[in-house]
Amino acid sequence: MNKIVTVVAPVNIAVIKYWGKRDEELILPINDSVSATLDTSVMCAKTSVTARPEFTEDEIWLNGKKESFFNKRLQNCLREIKLRASDEKSVDENFLSWKVHVCSENNFPTAAGLASSAAGYACLVSALAKLYKLKSDVSSIARLGSGSACRSVYGGFVRWHAGEKPDGSDSVASQVADSSHWPDMHALILVVGEAKKKTSSTKGMNISWQTSELLKYRAQHIVPQRTEEICKAIKEKNFAKFAEITMKDSNQFHAVCLDSYPPFVYLTSVSHMIIDLIHSYNDICGEMKVAYTFDAGPNACLYLLEKDVPAVVSVIKHIFPSSSHAFIKGLESETVTIDAALISKLAIEPQAKDLIKYVIHTKVGEGPTEVVDGSHLLNQDGLPNNLVCL
Ligand code: PMV
């Protein structure tokens, strides 16, 4: 049996942030979080897996480079998948003893705060789950790779329940609404920098958990109510409420980073200009048009409705001019002539060129899907092809 399974999996960007673990090994969070899953036709991880009797060791290739399989998180994911398969008796015992080959690629910058590990682990776990024919929810296995990865196992809007049990069995993701519920919810990712982040999310969460009182207050007194409110806003498609909570939660997460000791900072002066621009634009429009959110990096994710994309893209291009012809990537977006009166009222003046490297236009999309066109990243011998994702 030489079966190769290939899956593409999405990125997700949180609107209620996960920050802080109650269990480091099992990756159990101190609070619930909520995210939107983004369209895999624009940004995705792609992973091929196969298991063979002739393989002598588990091997993995990431973005064209062989990496060590002796990575605790990777090992935990593979072990859990095999345990589950054994419990479910989904494949025969022989198959479980064979070693695996994994080849994975992202079509966007890794470790720049662009949720690459979320897509990567969701993809790996979903591909292995298909190879081992698992029937049950695999979000708790993806969680062992990277916490936020458990939310990329579903499409649409997703909630990760922190859970209470010490073994983590209730720390799983579930769908708040599927991708067809609010199809005009779009996102613009403003790429400010692609450099690897200085403080990894693991390190940052540890420092915050040990030193930030704001983090504990947030988890106990703020996030529970916000989570309920944003899930309601999503169900009712109430953009104004969704946007307000999203921005407040991003700001509070970055306040926690500053409240940590020693503090660490992910936002740059350009990130702050984007924040000022969005508030000013919403004020001038007299209604909530756009929401920003920032993960552990300087890049902004703007959530907005499809009808507002042309005007917002035009404002961004005006304030952050670019020398690139391919400034807007991903989904098509028209530009419109913006009202001079609006421009004159904005709190931010046009800046020097290329402060924003490029913008990715995308929308809410579906969860991991199996690739059935045969475009595997592994060849028939189970070794990497030089295929590039998308
Ligand atoms: O799953 P990790 O370890 O990459 O942590 C993700 C943390 C944030 O992106 C900042 C927040 C979130 O909920 O995705």
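By class, which residues make up the shell around the ligand? Before selecting anything, keep in mind that the structure on screen is a predicted model. Now select the ligand together with the residues around it, and colour these by class: the shell has six nonpolar, five polar and three charged residues.

**The ligand and its shell**

With the ligand still centred, you will find that 14 residues surround it, and that the closest are Tyr 18, Ser 146, Ser 148, Arg 151 and Ser 201. Show Arg 151 as sticks to begin with, where an N or O atom of the side chain is 2.8 Å from an oxygen atom of the ligand. Turn next to Tyr 18, which takes part through its backbone, since a backbone N or O atom of this residue lies 2.9 Å from an oxygen atom of the ligand. Then add Ser 146, whose side chain places a polar atom 3.0 Å from an oxygen atom of the ligand. If you switch on a surface at this stage, note that the protein covers 93% of the 380 Å² of accessible area that the ligand has on its own.

Colour the chain by domain before moving on, taking residues 5-181 as domain 1 and residues 185-363 as domain 2. Each of these two domains supplies at least three residues to the shell around the ligand.

**The six-stranded sheet**

Select residues 45-52, which form strand 6, and residues 99-106, which form strand 9; these two strands pair in the antiparallel sense over eight bridges. Within this pair, look at Thr 47, which stands opposite Ser 104 in strand 9. Widen the view to the open sheet of six strands, whose order is 8-7-9-6-1-17 and whose pairing is mixed. At its edges are strand 8 (65-67) and strand 17 (369-370), each of which pairs on one side only.

**The five-stranded sheet**

Another open sheet, this one of five strands, runs in the order 13-14-12-16-15, again with mixed pairing. Its edge strands, each pairing on one side only, are strand 13 (290-294) and strand 15 (328-330). Looking across this sheet, you will see a twist that averages 25° from one strand to the next. Zoom in on strand 13 and on strand 14 (residues 300-305), which pair in the antiparallel sense over five bridges, and label Ala 291, which stands opposite Tyr 303 in strand 14.

**Two backbone details in loops**

Where does Pro 262 lie? Select the loop between helix 7 (239-259) and helix 8 (269-285), and you will find this proline there; the peptide bond that leads to Pro 262 from Tyr 261 is cis, with omega near 0°. As a last stop, go to the loop between strand 3 (21-23) and strand 4 (28-29), which holds Ile 27. Check the backbone torsions of Ile 27, which has a positive phi of about 55° although it is not a glycine.

Methods:
Residues numbered from 1 in each chain as written. Predicted model: local features only at pLDDT ≥ 70, side-chain atom pairs only at ≥ 80, totals over all residues. Heavy atoms only, no water. Near = heavy atom within 4 Å. Polar contact = N/O pair within 3.5 Å; in protein donor to acceptor, adjacent residues only side chain to side chain. Areas by Shrake-Rupley, 256 points an atom, 1.4 Å probe, with all protein chains shown as cover. Nonpolar A, V, L, I, M, F, W, Y, C, P; charged D, E, K, R; others polar. Domains from an automatic or database assignment. Pairing = 2+ DSSP bridges. Helix = DSSP H or I, 4+ residues; strand = E, 2+ residues; numbered from the N terminus. Axes fitted to C-alpha atoms, helices over the stretch in contact; angles between N-to-C directions.
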